[in-house]
Amino acid sequence: AGDLTKCLICAFKHRPMLKSSFSAAVVVGTILTLLNQGDILISGHWSQAFYWKIPLTYCVPFLVATYGALTNSRK
């Protein structure tokens, strides 16, 4: 467990990996937002849930890309 914690801390300090994960999150998050919430964005009828769904839509691809980079680096 200690190695995993150290690995996560080091990973979030590693700028190239963060840049790559962030880029993936922007591209995939934008596509998912437009597919899933596009009609709400265009209509302008934003509900309260809309304000947590959008950030979460960007966080998921960021975490997936980061997890993928970490598991590939351990092999």
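Which residue just after α2 takes a positive phi? That residue is G44, with a phi of about 85°. Please keep in mind that this is a predicted model. Below is a friendly tour of helix α2, a buried threonine in helix α3, and a small group of aromatic rings.

**Helix α2 and what follows**
- Helix α2 covers residues 15-43 and carries a kink of about 80°, with Q37 at its centre.
- Q37 also appears among the buried residues of α2, together with M17, S21, A25, G29, T33 and G38.
- An α-helix has 3.6 residues a turn, so residues three or four places apart point the same way.
- Just after this helix, the backbone at G44 has the positive phi of about 85° raised in the opening question.

**The nonpolar patch**
- V27, V28, I31, L32 and L35 make a nonpolar patch of about 440 Å² on the surface.
- L32, one of these residues, belongs to helix α2.
- The relative accessible area of L32 is 32%, which puts this leucine in the partly exposed class because it falls between the 20% limit for buried and the 50% limit for exposed.

**T66 and its contacts**
- T66 sits in helix α3, which spans residues 50-73.
- Is T66 buried or exposed? T66 is buried, since its relative accessible area is 3% and the buried class takes values under 20%.
- Leaving aside residues up to four places away in sequence, T66 touches F12, M17 and S21.
- Two of those partners, M17 and S21, are listed among the buried residues of α2.

**Aromatic rings**
- A pair of aromatic rings is described by the distance of the centres and the angle of the planes.
- The model has three aromatic pairs.
- In the pair of W46 and F50, the ring centres are 4.8 Å apart and the planes meet at 40°, so this pair is tilted.
- Why does that angle count as tilted? The reason is that 40° is neither under 30 degrees, as stacked pairs require, nor over 60, as edge-to-face pairs require.
- F50 and Y51 form an edge-to-face pair, with 6.3 Å from centre to centre and 80° between the planes.
- W46, F50 and Y51 together make one aromatic cluster.
- Within this cluster, W46 is partly exposed at 41% relative accessible area, whereas F50 is buried at 4%.

How values were computed: Residues are numbered from 1 along each chain as its sequence is written. This is a predicted model: local features need pLDDT of at least 70, side-chain atom pairs count only at pLDDT 80 or more; totals for chains, interfaces and linings use all residues. Side-chain values use heavy atoms; hydrogens and water are left out. Rings of Phe, Tyr and Trp (its six-membered ring) pair if their centres lie within 6.5 Å; planes under 30 degrees apart count as stacked, over 60 as edge-to-face and the rest as tilted. Buried means under 20% relative accessible area, exposed over 50%, partly exposed in between (1.4 Å probe, protein chains only). Helices (H or I, at least four residues) and strands (E, at least two) are DSSP runs, numbered from the N terminus. Contact means heavy atoms within 4.5 Å. The bend at a residue is the angle between axes fitted to the seven residues ending there and the seven starting there. Patches are made of residues with over 30% relative accessible area and no salt bridge: like charges are joined within 9 Å, nonpolar side chains (Val, Leu, Ile, Met, Phe, Trp, Tyr) within 5 Å. Accessible areas come from the Shrake-Rupley method with a 1.4 Å probe; for residues, only the protein chains shown count as cover. A salt bridge is a side-chain nitrogen of Lys or Arg within 4 Å of a carboxyl oxygen of Asp or Glu.
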